[in-house]
Amino acid sequence: QKPILLQGHERSITQIKYNREGDLLFTVAKDPIVNVWYSVNGERLGTYNGHTGAVWCVDADWDTRHVLTGSADNSCRLWDCETGKQLALVKTSSAVRTCGFDFGGNIIMFSTDKQMGYQCFVSFFDLRDPSQIENNEPYMKIPCSDSKITSAVWGPLGEFIIAGHENGELNQFSAKSGEQLSNIKEHTKQINDIQTSRDMTMFITASKDNTAKLFDCTSLQHLKTFRTERPVNSAALSPIFDHVVLGGGQEAMDVTTTSTRIGKFEARFFHLAFEEEFGRVKGHFGPINSVAFHPDGKSYSSGGEDGYVRIHYFDPQYFEFEFEA
């Protein structure tokens, strides 16, 4: 089946994210544009304009009222999803690398980069208290002096966040007290992406050490490993099957020297339990930077270094094959 091609960015894609219902797809890239699309036909619904630098991360809250974006222009912004109006602007001293709404959509967290002499921090704001945004005073700020955070997600029920670091460590930080609840190091290199399962019991990490790993959300117990021969930039868990999709490829700076055939730019599908690869989807002209499953599990999207987002709908055989198996 022919994928739907979304052309709304001039630079490489940094993150793509579905809302909870899956009718909208948000895409951000190394340009200042934040796009939102209808996932069913790839029609562009609108843009959120205001950033002046590369946008690293995007998230939508539970009922798709608000959108949160973090950018290299040293700001984290809150938008009205429907009108595209900017509701809040939080200035930071370095680039915002990750951001997210908690389960209820009232609390936002974002992490800033360790650069220009500034330390890496995770900041928490409660949107119910407007003074926090106005005074740029988060109710909690956690410093990460050892290794900067490269990806972070909320754990179940918004009790803690799970943060992946540049050195391959995983940490749990309490959203109430800010203390470090647990810490493990299963990866040997930078963690590029963390995504949770639909029921928030597990999460998958994608790392530069050529693997993706599955963990238990609360205990951080390492469950499975999916191995490739290229750095993994992004990994997502299917909401309906025991399937994992990985996106990656070699480092962006090495891409020009290889043909697309050896570049290994396919999206790769693995079985969650058996850790075996069972399929590949070609298409991108460069590494895949972000992958996401549609919440109904019937399609998935990938965003690449080539600036394109591709929405793939699965063949009917995909569903028959799984139920027979």
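1. In which helix is the place of Gln132? Gln132 belongs to helix 1, which spans residues 130-134; the model discussed in this note is a predicted one. Gln132 has a relative accessible area of 10% and is therefore buried. Setting aside residues up to four places away in sequence, Gln132 touches Phe124, Phe125, Asp126, Glu137 and Tyr139.

2. Asp126, one of the residues that Gln132 touches, also takes part in a salt bridge, in which its side chain meets that of Arg128 with an N to O distance of 3.0 Å. The two partners differ in their cover, since Asp126 counts as buried at 15% relative accessibility, whereas Arg128 counts as exposed at 55%.

3. The largest nonpolar core holds 15 residues, and those touching the most other members are Met109, Val122, Phe124, Ile149, Trp154, Ile161 and Phe173. Two or more residues of this core come from each of strand 11 (107-112), strand 12 (120-126), strand 13 (140-144), strand 14 (149-154) and strand 15 (160-165). A second core, separate from that one, comprises 13 residues, among them Cys57, Ala88, Phe101 and Phe125. As background, nonpolar side chains in soluble globular proteins tend to be buried together.

4. Phe124 and Phe125 deserve to be read side by side. Phe124 is among the residues of the largest core that touch the most other members, while Phe125 is included in the second, separate core, and Gln132 touches both Phe124 and Phe125.

5. Phe173, another of the residues in the largest core with the most contacts to other members, has a list of neighbours that also includes polar residues. Not counting residues up to four places away in sequence, Phe173 touches Ile142, Cys144, Ile149, Phe160, Ile161, Ala163, His165, Gly178, Glu179, Gln180 and Leu181.

6. Leu170 is found in strand 16, which covers residues 169-174, and Leu170 counts as buried because its relative accessibility is 2%. Its C-alpha atom is separated by 5.7 Å from that of Asn183, a residue 13 places apart along the chain. Leaving aside neighbours within four places in sequence, Leu170 is in contact with Ile162, Ala163, Gly164, Ser182, Asn183, Ile184, Ile191, Ile194, Phe203, Thr205, Phe215 and Leu220.

7. Two leucines call for a check of backbone geometry. Leu220, one of the contacts of Leu170, has a positive phi of about 60° although it is not a glycine; Leu220 lies in the loop between strand 20 (211-216) and strand 21, and counts as buried at 3% relative accessibility. Leu157 likewise has a positive phi, near 65°, and is placed in the loop between strand 14 and strand 15, but Leu157 counts as exposed at 61% relative accessibility.

8. The structure holds 12 salt bridges, and a network of them links Glu229, Glu266, Arg268, Glu277, Arg280 and Lys282. Within the pair formed by Glu229 and Arg268, the closest N and O atoms are 3.0 Å apart. Glu229 lies in the loop between strand 21 (222-227) and strand 22 (232-237) and Arg268 in strand 24 (residues 267-271), so this bridge ties together parts that are 39 residues apart in sequence. Glu229 counts as partly exposed at 37% relative accessibility, while Arg268 counts as buried at 7%.

9. In the pair of Glu266 and Arg280, the closest N and O atoms of the salt bridge are 3.7 Å apart. Because Glu266 lies in the loop between strand 23 (243-248) and strand 24, and Arg280 in strand 25 (residues 277-281), the pair ties together parts that are 14 residues apart in sequence. Glu266 is buried, with a relative accessible area of 9%, whereas Arg280 counts as partly exposed at 41%.

10. On the surface, Tyr38, Val40, Leu45 and Tyr313 form a nonpolar patch whose accessible area together is about 350 Å². Tyr313 lies in strand 28, residues 309-313, and is partly exposed, with a relative accessible area of 31%. Membership of such a patch requires over 30% relative accessible area, so the value of 31% for Tyr313 is to be read against that cut-off.

11. An unreviewed UniProt entry lists residues 6-47, 48-89, 184-225 and 281-311 under "repeat: WD". In the model, residues 6-47 are 0% helix and 52% strand, with the end C-alpha atoms 13 Å apart. For residues 48-89 the figures are 0% helix and 55% strand, and the end C-alpha atoms are again 13 Å apart.

Methods: Residues are numbered from 1 along each chain as its sequence is written. This is a predicted model: local features need pLDDT of at least 70, side-chain atom pairs count only at pLDDT 80 or more; totals for chains, interfaces and linings use all residues. Side-chain values use heavy atoms; hydrogens and water are left out. A nonpolar core is a set of buried Ala, Val, Leu, Ile, Met, Phe, Trp, Tyr and Cys residues joined through side-chain atoms within 4.5 Å. Buried means under 20% relative accessible area, exposed over 50%, partly exposed in between (1.4 Å probe, protein chains only). Helices (H or I, at least four residues) and strands (E, at least two) are DSSP runs, numbered from the N terminus. Contact means heavy atoms within 4.5 Å. Patches are made of residues with over 30% relative accessible area and no salt bridge: like charges are joined within 9 Å, nonpolar side chains (Val, Leu, Ile, Met, Phe, Trp, Tyr) within 5 Å. Accessible areas come from the Shrake-Rupley method with a 1.4 Å probe; for residues, only the protein chains shown count as cover. A salt bridge is a side-chain nitrogen of Lys or Arg within 4 Å of a carboxyl oxygen of Asp or Glu. UniProt positions are given in the numbering used here, feature names are shortened, and annotations may be inferred rather than shown by experiment.
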